[in-house]
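The following report describes a single protein chain. The sequence and the model are shown first, and the description follows.

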Amino acid sequence: TSNKRTLRTLFRPATLPPPVISETSPSQKKLLAYHRDKEQQETINQLLIDRALEVYYITMEETEERDAAPPITELHSIVRKHSLPLKILSFQADYLFLKKCVQRNPVIPIQQQWLRSMLAMVPQSLMEGKERELLTEELLKEVVRDYETSMQRCVLRRVLIKPHIKELDALEEEMPLPSLPLGLDFSSTWHDSYMKAKKRITSTLYILHPTMKTLLDFGYTAFFNFLVVDFSRSRLKGPVYCKSFKTDASLRCSKAEDEIMGTWYQRVFGLFTQSEALDGVKLDQLETFCNCVAVLLSNQVKELLQRTTEVFVKLFDPEDKSRLPLFKMDLTFDENRMEFYPSLQDLEEAILFVVDCIGQTLQNVQTVRAMLTGGTATLDTELPAHIAQWAKSTLKKSIRDNLEGPKEHFKGYVESYGWLVDGTAEERIKRFVAEQPSFDEYT
């Protein structure tokens, strides 16, 4: 029957392979073409690599570094070992060639004045000795080398742009240049703000006004060689009592104030009675102009008071007693007590009184506006608080140091004769009489 299963129906007949085709298929053609192009590209790359290495070797020879350069055969092995791409090698060779050309250019030498300024900052004690002179020369040579190296690196950074090639970093032994400070913006211009500030100063402070220059001249002439009180020659007059010292200080301050008001202030008053003093000042700017004048005059008076205070404090310097004032101090005995008169506390108060007297001088100087309009406003001429505090604290310490001698003198008197006045001697006499000694013992 037709549906009967036989060996012929179970196994299909074997088919023969297709006949051999002499022509290649499209896939085979593409594969063969890829292999051929790859071989040709490798050959071309090898030729270009040889050429690039020859250029590099010639560059090293022209820059007189032929001995430092490895043989060209070794360069071939390095390139093959690291499989450097041709493009990277070309960039690297060009960059190194241009770098050597830039480095051959001379740099501006360091100025000798800079080296002398550096040496001037070194203490003279560190410059003495032959060995230190040699060390100084070596240090200067090192400075010159560092300067030239830095100049070459800066010029190189400005002229050449280094390619971003990882393999090139291994050949660069130089440290990177220091980066700019973070957080600072240098992009904004300063000209606009400068002109705005200059215009504001000119319109509000009037520092360029001719009247201000004239006032400066008045103050310099009047106060240049002037002191409110001057006790520098007090030592030549001999010892004085504390009360006389205070009275003398008050009189000198009063006299100095009258002299200043009769000379300097009269010149200032005469200047503003002239119309030229307010040239260029508009009516709405008169108040600011007068405020500027008041600040200038206040600073001049404060500088005078401060300088006088500093000179007075310097008189009591324990290390320089050539101008130290002399005071009369009596050693008294009253009510079984030995003490100085006036006391050491009174002496200190008399000396500190001079500082207060200086600070109270020239405290009622009228302002220019009050002078012109008949007002009562006065200049701020108060001695700065920190100056007064410094002067008093320094004087107290100087007084303690200078009174060490009198204190030792007083202590010697107490130790030697104190038992005569403190009741010790009287007690001993009473005890001796009570014992009823013999005549020989009395003797």
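## Contacts, surface and backbone of the predicted chain

Apart from residues within four places in sequence, Q306 touches L383 and I387, a contact being heavy atoms within 4.5 Å. Q306 itself belongs to helix α11, residues 286–314; helices here are DSSP runs of H or I with at least four residues, strands are runs of E with at least two, and both are numbered from the N terminus. With a relative accessible area of 26%, Q306 is partly exposed; this class lies between buried, under 20%, and exposed, over 50%, using a 1.4 Å probe and protein chains only. The C-alpha atoms of Q306 and G359 are 8.7 Å apart, although 53 residues separate the two in sequence.

This is a predicted model, in which local features require pLDDT of at least 70 and side-chain atom pairs require pLDDT 80 or more, whereas totals for chains, interfaces and linings use all residues. Residues are numbered from 1 along each chain as its sequence is written, and side-chain values use heavy atoms, without hydrogens or water.

### Overall composition

The protein chain contains 17 helices and two strands. Of its 443 residues, 26% are buried. Among contacts with a separation of 6 or more, 73% join residues 24 or more positions apart. The accessible surface is about 32,800 Å², and carbon and sulfur atoms account for 56% of that area; accessible areas come from the Shrake-Rupley method with a 1.4 Å probe, and for residues only the protein chains shown count as cover.

### Salt bridges

A salt bridge is counted when a side-chain nitrogen of Lys or Arg lies within 4 Å of a carboxyl oxygen of Asp or Glu. The count by this rule is seven, and the table gives three of the pairs.

| Pair | Closest N and O atoms |
|---|---|
| D217 and K213 | 3.4 Å |
| D248 and R252 | 3.2 Å |
| D356 and K392 | 2.8 Å |

The D356 and K392 pair links distant parts of the chain, with D356 in helix α12, K392 in helix α14, and the two positions 36 residues apart. D356 counts as partly exposed because its relative accessibility is 33%, and K392 is likewise partly exposed at 28%.

The D217 and K213 pair lies within helix α9, residues 210–223, where the partners are four residues apart, about one turn of the helix. D217 is partly exposed at 39% relative accessibility, whereas K213 is exposed, with a relative accessible area of 55%. D248 and R252 both lie in helix α10, residues 242–272, also at a spacing of four residues, or about one turn of the helix. D248 is partly exposed at 26% relative accessibility, and R252 is partly exposed at 21%.

### Nonpolar patch and pocket

L331, Y413, Y417, W419 and L420 form a nonpolar surface patch of about 460 Å². Patches consist of residues with over 30% relative accessible area and no salt bridge; like charges are joined within 9 Å, and nonpolar side chains (Val, Leu, Ile, Met, Phe, Trp, Tyr) within 5 Å. Helix α15, residues 404–421, gives the largest share of this patch, four residues. Y413 is located in helix α15 and is partly exposed, at 31% relative accessibility.

Helix α15 also contributes to the second largest pocket: α12 (344–359), α14 (385–402) and α15 each supply at least two residues of its lining. The pocket holds about 280 Å³ of space. Its lining comprises 13 residues, and P325, F327, L347, N402 and L403 lie nearest the centre. On a 1 Å grid over the protein atoms alone, a pocket is an open set of points with protein on both sides within 12 Å along at least five of seven lines, and lining residues have an atom within 4 Å of a point. Its volume is the space filled by probe spheres set on the points, which are joined across faces, edges and corners.

### Loops and backbone geometry

The peptide bond from Y341 to P342 is cis, with omega near -5°, and P342 occupies the loop between β2 (337–341) and α12.

Positive phi values occur at two further loop positions, neither of them glycine. L362 has phi near 55° and is located in the loop between α12 and α13 (368–373); L362 is buried, with a relative accessible area of 0%. Q436 has phi near 50° and lies in the loop between α16 (424–434) and α17 (439–442); Q436 is exposed at 68% relative accessibility.

Key: 1 Å grid on protein atoms, 1.4 Å probe; cavity = no way out; pocket = protein on both sides within 12 Å on 5 of 7 lines; lining within 4 Å.
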